[in-house]
Structures are given as C-alpha cells and as structure tokens.
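This report goes through one protein structure, from single residues to the overall fold. The coordinates are shown first.

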Amino acid sequence: MLNFLARRIAQIVPTLFFVSVLIFSLQQLLPGDPALVMAGEERDPAVIEQIRQQYKLDQPIPVQYLYWLKGVLTGNFGESLRNKMPVRELIAQKLPVTLQLGSMAILIAFLIGIPAGIISAVKKGTAWDYGANLFALWGISTPNFWLGIMLIFLFSIKLGWLPASGYVPLTENWRASLAATIMPAFVLGNAISAVLMRHTRSAMLQVLESDYVRTARAKGLSERSVILKHAMRNALTPIITLGALELGTLLSGAVLTEQIFSIPGFGKLIVDAVFNRDYAVVQGVVLVTATVYITLNLVADIAYILVNPRLRG
C-alpha cells in the first residue's frame, strides 16, 4: 500500500510541473496586454512601463515563468489585476463554495444513480428496468439551465419553500446554506446520477453473470447477500472512477448553474477572470483545479484498493 502511494505521488509531481508549464504558456496566447488593462483608460507610457517592471512583464517569458513558479511554491499566486486582492484569498473565498456545491451534487447523484442502476440490473427486462433507463434518458437529455429555471419557478416562486438565489456559508447558518444550495446541487447531480445509473447497471450486469456470483447462489446465500456483499462490491470500481472524475469536473464545470442561482463559486470566478483578462487569477484557479483533479484521481485509486483487496498486491 505504501509503495503504491509512493509511486502515485512520484507521478503527480512531474504531472503538476507539466500542467504549470502548459497553463503559463497558454496564458501567453490570450489576446490583450495586462499592463494596458491595469493602466486604465489614460494609458500613460510611464505608468505602463512601471507596471511592466512591477509584475516582471518586461522579462522574457521563461524568466516570468520562474518568478511565477517560485511564488506558487510559496503559496503566492500573485495579485488580481482587477480588484488588487491576492489570488490566494480569492481562491480561499470561492473554492469552499464550489466544493460544498459539488459534494452535495455528487452525494445526490450517488443516492439516486447507484440504487437505480442496481435495481435496473437485478430487475433486467422488467418495468423497473425500463423506468430506470427512462430516468437516465431524462437526466442526460435535460439542460441544466432549463431544469434550474423550472425548480426556481416551482419551489421559490410558486411554493416559496426555497430561496431563488444567493449563498450562505455553512459556518454562518447551516440550515440556510443547505436551503440555498439544494436546488443547484440537484440540478448538477441530476445529470451525473443518470450517467452513474448507466455505468452501475452495466457493471452489475457483468458481475451478476460471473462464476463467483453463481457459486454464491449455489451455496444458498440470500439474493440480498449476493447482490450487496458480492456483486455490488466488485462493481464499484468503475463507479468510483466516474464519481471522482465528475467531482473534479464540477469544480470548473458548474459555471452555468452558479450563474443561474447567483452562487459566487469557483466557475464564475474563472469566467470573470478570463473576460477581465485577469491573468494571475486564471493561472491560479486553473492550477488549483488541476491539482484537485489529480488528487481526486489519487483518492479514487486508494478507494479501489480498499474496496477490492485483490488489488493490494
């Protein structure tokens, strides 16, 4: 187990280095000059030159990268060109919001998608199977923006049960926080649960036809025990992979949903930074997103071993 972790961490370091180079290089291809953006409308040549020197924009690109990398390694992602705040503080403000939203969405997806997939596989060819597949088709086909608007119309405008928009931190009022995020979390979890259902059904159908499941049934074990203790445990591996990847995707892919519900999350931060040509924020946010994504893959690999002891060797 320790050897496996050491190998995976050794792979993460060069991967993150390559990602940092890629992020910084692609950033240079974006149109516009950050010095001109910071100088404002007057664009005094003396001010522009001072800005270039202050932010090392007058240095060759490799030198700029080394300065940036040195700051990243010490936790300094630079300063936002737009609001003059440290990027680290912006990330610290926005990341917990999206992490909460993404975690709730994944939880909803697991609670809906996995049971639906198991029932669909066990009840193959029955009304339960057709119903679960119809639900999966609904989840995949429904646009997030339409579902979000419909939920706001029903639960906020008509019934008045939930707030239509906004965000309350968990530390301030957990009830209000859950009320504000349950609808956007359901919107995000709806599509993911449909994909999870299809993967769970496929994995369960394959496992249910294996020899060890037939042996377990031949020993007289109850169907419940066969499904939950033998079949489901071995079918979880691809589901764990999908769940980790989807959670990583939610960190940067929840932009539209955050916009609809006016949630100040990570996705909205990076979109605003791109439109405002706030290069330091874009670089910091993308690097943190990539780091979290790679970390989630490591967590998924560890979960494989915990779920399937045969992989420990």
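## Gln283

In this predicted model, Gln283 is part of helix H13, which covers residues 279–307. Its relative accessibility is 7%, so Gln283 counts as buried, the limit being under 20%.

The side chain of Gln283 makes a polar contact of 3.3 Å with the side chain of Trp68. Apart from neighbours within four places in sequence, the residues in contact with Gln283 are Ile23, Phe24, Gln27, Gln28 and Trp68. Trp68 is thus named both as a polar partner of Gln283 and in its contact list.

## The salt bridge

How many salt bridges does a search of the whole structure find? The search gives one. The salt bridge is formed by Arg201 and Asp129, and their closest N and O atoms are 3.0 Å apart. Arg201 belongs to helix H8 (residues 174–208) and Asp129 to helix H6 (residues 127–141), so the pair ties together parts that are 72 residues apart in sequence.

Are the two partners, Arg201 and Asp129, buried or exposed? Both Arg201 and Asp129 are buried. For Arg201 the relative accessible area is 15%, and Arg201 is classed as buried because the limit is under 20%.

## Surroundings of Arg201

Not counting residues up to four places away in sequence, Arg201 touches Gly117, Ser120, Ala121, Lys124, Asp129 and Asn133. Among these, Asp129 is the salt-bridge partner, while Ser120 is joined to Arg201 by a side-chain polar contact of 2.8 Å.

A separation in space is also available for Arg201 and Ile106, which are 95 residues apart along the chain. The C-alpha atoms of Arg201 and Ile106 are separated by 18 Å.

## Ser120

Ser120 is located in helix H5. With 0% relative accessibility, Ser120 counts as buried. Which side chains make polar contacts with the side chain of Ser120? One is that of Asp129, at 2.3 Å, and another is that of Arg201, at 2.8 Å.

Ser120 therefore has polar contacts with each partner of the salt bridge, Asp129 and Arg201, as pairs of N or O atoms within 3.5 Å count. With residues up to four places away in sequence left out, Ser120 touches Asp129, Ala132, Asn133, Met197 and Arg201.

## Packing of H5 and H6

Two packed helices are described by the angle between their axes and the distance between the axes. Helix H5, residues 87–122, packs with H6 at an angle of about 145°, and the axes are 8 Å apart. The crossing of H5 and H6 is left-handed.

On the H5 side, the contact is made by Ile112, Ala116, Ile119 and Ser120. On the H6 side, Trp128, Asp129, Ala132, Asn133 and Phe135 take part. Sorted by class, the contact of H5 with H6 consists of six nonpolar, two polar and one charged residues. The contact includes Ser120 and Asp129, whose side chains are joined by the 2.3 Å polar contact.

## The whole protein

The protein has 13 helices and zero strands. Its C-alpha atoms fill a box of roughly 85 × 55 × 35 Å, taken along the principal axes.

What share of the 313 residues in the protein is buried? Buried residues make up 41%. Of the contacts in the protein with a separation of 6 or more, 72% are between residues 24 or more positions apart. The pair Arg201 and Asp129 described above ties together parts 72 residues apart in sequence.

Note on methods:
Residues are numbered from 1 along each chain as its sequence is written. This is a predicted model: local features need pLDDT of at least 70, side-chain atom pairs count only at pLDDT 80 or more; totals for chains, interfaces and linings use all residues. Side-chain values use heavy atoms; hydrogens and water are left out. Helices (H or I, at least four residues) and strands (E, at least two) are DSSP runs, numbered from the N terminus. Buried means under 20% relative accessible area, exposed over 50%, partly exposed in between (1.4 Å probe, protein chains only). A polar contact is a pair of N or O atoms within 3.5 Å; within protein, one must be able to donate a hydrogen and the other to accept it, and residues adjacent in sequence count only if both atoms are side-chain atoms. Contact means heavy atoms within 4.5 Å. A salt bridge is a side-chain nitrogen of Lys or Arg within 4 Å of a carboxyl oxygen of Asp or Glu. Axes are lines fitted to C-alpha atoms, for helices over the stretch in contact, and angles run from 0 to 180 degrees between N-to-C directions. A crossing is left-handed if the near helix is turned anticlockwise from the far one by less than a right angle, and right-handed if clockwise. Ala, Val, Leu, Ile, Met, Phe, Trp, Tyr, Cys and Pro count as nonpolar, Asp, Glu, Lys and Arg as charged, and the others, Gly among them, as polar.
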